[in-house]
Amino acid sequence: MQYKILILEDDEYFALELKSILFNHYPNSQIDVYHNINHEINISLYDIFFLDVDLSGNDDKEGFCFAEEINIISDDKMIIFVTSHTDLWKEGYYYRPYWYIDKSHYKEELNELFHRRLDNDLKKKYAYIYIEYDNEVINILLKDIIYIENQRNHVNIYTLNRELKKYMPFKSVLKDIEDNMNLFIQINSGIIVSKKHINFLKNNDIVLDNGVILPVSRRHKKEVKSCVSRLKE
């Protein structure tokens, strides 16, 4: 899987060292390095951010400021603070970081990060299914799917960007996503819905965040109601 990674670090040697380690671990990824935030950075392009907290050494904590910009644009980005100022860690939690790396032990801590958490979380976050569509193979990220609907001889897959019609059994779709079924919930015999796109339950229907209303069967209502309650906690 190709990830898009941004490194924000004013120490050029450390930035290159960090880039080398990341590229060795994720060899197909795009890794860009910036030494300050004076450049115009397109935040939406990147999946993972490695941010030095104190870029200029003048206590401005520019890494925190940039993290705040990231969170305004998207709450789906992975922010990893890289700093030797461990006394700032508590303050940094306000910016919802995914992880901290202590520069004085960065090799050991990166290795721990990869194997204890990041690799597994990335596989889940960027899991996808393959389908053949218009004579080409398309990868669909599971996180982009809003819901999947079974019809008589095909399934409709509704994503954030488009609707795809595929002539395949509904059971085959369920099998393709079974390892990540925790992302979805079945609301009736022919529809599964992404949990994160559920807005609320109204009588015997669920309303999605795009305004689509879908029927919930009596058989599945208890489970759906429990799911919606957990999502709202």
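Colleague: Where does Asn203 lie?

Modeller: Elements are read first: helices (H or I, at least four residues) and strands (E, at least two) are DSSP runs, numbered from the N terminus. Asn203 lies in the loop between strand E13 (198–202) and strand E14 (205–208). This is a predicted model, in which local features need pLDDT of at least 70 and side-chain atom pairs count only at pLDDT 80 or more, while totals for chains, interfaces and linings use all residues. Residues are numbered from 1 along each chain as its sequence is written, and side-chain values use heavy atoms, with hydrogens and water left out.

Colleague: Is Asn203 buried or exposed?

Modeller: Buried means under 20% relative accessible area, exposed means over 50%, and partly exposed is in between (1.4 Å probe, protein chains only). Asn203 counts as exposed because its relative accessibility is 59%.

Colleague: How do E13 and E14 run, and how many bridges join them?

Modeller: Two strands pair if DSSP finds at least two bridges between them. E13 and E14 run antiparallel and are joined by four bridges. The two strands form a hairpin with two residues between them, and Asn203 in the turn has a positive phi of about 55°.

Colleague: Which residue is the bridge partner of Leu201 in E14?

Modeller: The partner of Leu201 is Ile206. Ile206 in turn has Leu214 as its bridge partner in E15. E14 pairs with strand E15 (residues 213–215) in the antiparallel sense, over three bridges. Four residues stand between the strands of this hairpin, where Gly211 takes a positive phi near 90°.

Colleague: Which other case of positive phi should I examine?

Modeller: Arg96, a residue other than glycine, has a positive phi near 55°. Its place is the loop between helix H3 (89–92) and strand E5 (99–102). With a relative accessible area of 49%, Arg96 is partly exposed.

Colleague: How should I read the interior, and which residues have the most contacts inside the largest nonpolar core?

Modeller: A nonpolar core is a set of buried Ala, Val, Leu, Ile, Met, Phe, Trp, Tyr and Cys residues joined through side-chain atoms within 4.5 Å. The largest one here has 24 residues, and Phe50 and Leu110 have the most contacts inside it. Among the elements that each supply at least two of its residues are strand E3 (48–52) and helix H4 (106–125). H4 gives the largest share of this core, six residues. Contact means heavy atoms within 4.5 Å. Not counting residues up to four places away in sequence, Leu110 touches Leu18, Ile21, Phe50 and Ile101. Apart from this core lies another, of 19 residues, including Tyr46 and Phe49.

Colleague: Why is Ser194 called buried?

Modeller: Ser194 is buried because its relative accessible area is 4%. It is found in strand E12 (residues 191–194). Leaving aside neighbours within four places in sequence, Ser194 is in contact with Ile145, Ile146, Leu183 and Phe184.

Colleague: In which helix is Asp176, and what are its surroundings?

Modeller: Asp176 is in helix H5 (residues 170–176). Its relative accessibility of 42% makes Asp176 count as partly exposed. Apart from neighbours within four places in sequence, Asp176 is in contact with Ile129 and Met168. The C-alpha atoms of Asp176 and Met78 are separated by 26 Å, and these residues are 98 residues apart along the chain.
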